[in-house]
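Thanks for sharing this one. Here are my notes, written as a colleague would jot them down; please have the model open as you read.

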Amino acid sequence: MAAPASAGGFRVPAAGARAESPGSGDRPDAGQPAPAGDLRSVLVTSVLSLEPLDLDLFRGRHSWVPATRRLFGGQIVGQALVAAAKAVSEDVHAHSLHCYFVRAGDPTVPVLYQVERTRTGKSFSVRSVKAIQHGKPILICQASFQQTQESPVQHQFTMPTVPPPEELLSQEELIQKYLQDPNLVEKYRLGLNKILAQEVPVEIKPVSPSKTFCQLSQEPKQLLWVRARGYIGECDMKLHCCVAAYISDYAFLGTALLPHRQHPVKFMVSLDHSMWFHAPFRADHWMLYECESPWAGGCRGLVHGRLWRRDGVLAVTCAQEGVIRVTQSPAESKL
């Protein structure tokens, strides 16, 4: 399959390019050419592929649409970062983005991405992106890019100690296992089948499966091994950042619901999403996604996330707030 054409700040390699980058040694093919016939990640070839319409104007289409029939927030964030990256030079890297979701996305029509070259400096450059449908913005994004600079001021947290992904079952394998239980309550069976039917372009391996699929309340923390499905290979880091933006929104806000599973969810959407990119990584290699929710209240929930490379390097930090409305019992609603 031919690689997408390079545009703006992107240089995507051909399918046979060598796959070498920091933290890349977790696949059998690390550092080797992609196998013949290897399918490139749909996140690169379709989901995050934008059609140029004019200078700094692009059109994006949709691949996976959640059961809510709204556009997936991670897709809009990822596509907005793609648009911003096409409006900068190849010698800068994305270091942060801040997005506000202002309207629900319509999965029946494409999204237009309009880029404003807000500032181009010697060290930092800022691009503003509006995602537009029906003549109105559905997302506003500010992305900042930086020239590589060395500094003696460096530190990071320590990566949690967890089993490697090779010792864990995938989300699909776990669901299949639970569906074999003849005593599984029917409403849970229906819910698991719905998850299984979704063709999500992200591979997920929960570190604590018993907690992930448990219906009991627990602390608002979860650990997941994640990576893009398919092969991306070594290429411009900005592309891996765009893929990570997509991945980071999946199951993220749900962390705030873990202590409140007794309440059926009526409505849950993201309000904003921020990311900071710290170190090079491969989005098609396993990364540990450490998610926690320090606060929830006022029909909102706040979540923080960290994406760790397998070698213990902190690659990305994320934060998100969302609206969470649940069904209250008659006694609770009177309070």
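The points below go through salt bridges, a pocket, a surface patch and two exposed residues.

1. A word on the source before anything else: this is a predicted model. Please read every distance and area below as a value computed from that prediction.

2. Let me start with charge pairing. Side chains of opposite charge can pair when their charged atoms come close. In this structure there are eleven salt bridges, and I pick out a few of them here.

3. The pair that caught my eye is aspartate 56 with arginine 117, whose side chains meet in a salt bridge at 2.8 Å, N to O. It joins distant parts of the chain, 61 residues apart: aspartate 56 sits in the loop between strand S1 (50-54) and strand S2 (57-60), while arginine 117 belongs to strand S4. Are the two partners buried or exposed? Aspartate 56 has a relative accessible area of 10%, so it is buried, the cut-off being under 20%. Arginine 117, with 43%, is partly exposed.

4. Next, please look at glutamate 321 and arginine 300, which form a salt bridge with their closest N and O atoms 2.9 Å apart. Glutamate 321 is in strand S12 (residues 314-326) and arginine 300 is in strand S11 (residues 300-309), so this contact ties together parts that are 21 residues apart in sequence. Glutamate 321 counts as buried because its relative accessibility is 18%. Arginine 300 is partly exposed, with a relative accessible area of 34%.

5. Arginine 309 and aspartate 311 make another salt bridge, and here the closest N and O atoms are 2.7 Å apart. Arginine 309 is buried, with a relative accessible area of 7%, whereas aspartate 311 is partly exposed at 45% relative accessibility. A further group worth displaying is Glu290, Glu292 and Arg306, which are linked in a network of salt bridges.

6. Now for the second largest pocket, which has a volume of about 1100 Å³. Its lining is made up of 34 residues, and those nearest the centre are His93, Gln149, Phe277, His278 and Ala279. Which elements each supply at least two residues of this lining? They are S3, strand S6 (136-147), helix H6 (237-248) and strand S9 (265-277). By character, the lining residues divide into 14 nonpolar, 13 polar and seven charged.

7. On the surface, Tyr100, Val102 and Ile140 form a nonpolar patch, and together they have about 280 Å² of accessible area. Valine 102 is in the loop between strand S3 (92-101) and strand S4 (111-120). Its relative accessibility is 40%, so valine 102 counts as partly exposed.

8. That loop between S3 and S4 also holds threonine 108. Threonine 108 is exposed, with a relative accessible area of 64%. Its C-alpha atom is separated by 9.3 Å from that of leucine 71, a residue 37 positions away along the chain.

9. Lastly, serine 210 is found in helix H5 (residues 209-212). With a relative accessible area of 55%, serine 210 is exposed. The C-alpha atoms of serine 210 and leucine 174 are separated by 9.7 Å, and the two residues are 36 apart along the chain.

Conventions:
Residues numbered from 1 in each chain as written. Predicted model: local features only at pLDDT ≥ 70, side-chain atom pairs only at ≥ 80, totals over all residues. Heavy atoms only, no water. Patch = residues over 30% accessible without salt bridge, like charges linked within 9 Å, V, L, I, M, F, W, Y side chains within 5 Å. Areas by Shrake-Rupley, 256 points an atom, 1.4 Å probe, with all protein chains shown as cover. Salt bridge = Lys/Arg side-chain N within 4 Å of Asp/Glu carboxyl O. Helix = DSSP H or I, 4+ residues; strand = E, 2+ residues; numbered from the N terminus. Buried < 20%, exposed > 50% of the residue type's maximum accessible area, 1.4 Å probe, protein only. 1 Å grid on protein atoms, 1.4 Å probe; cavity = no way out; pocket = protein on both sides within 12 Å on 5 of 7 lines; lining within 4 Å. Points joined across faces, edges and corners; volume = space filled by probe spheres on them. Nonpolar A, V, L, I, M, F, W, Y, C, P; charged D, E, K, R; others polar.
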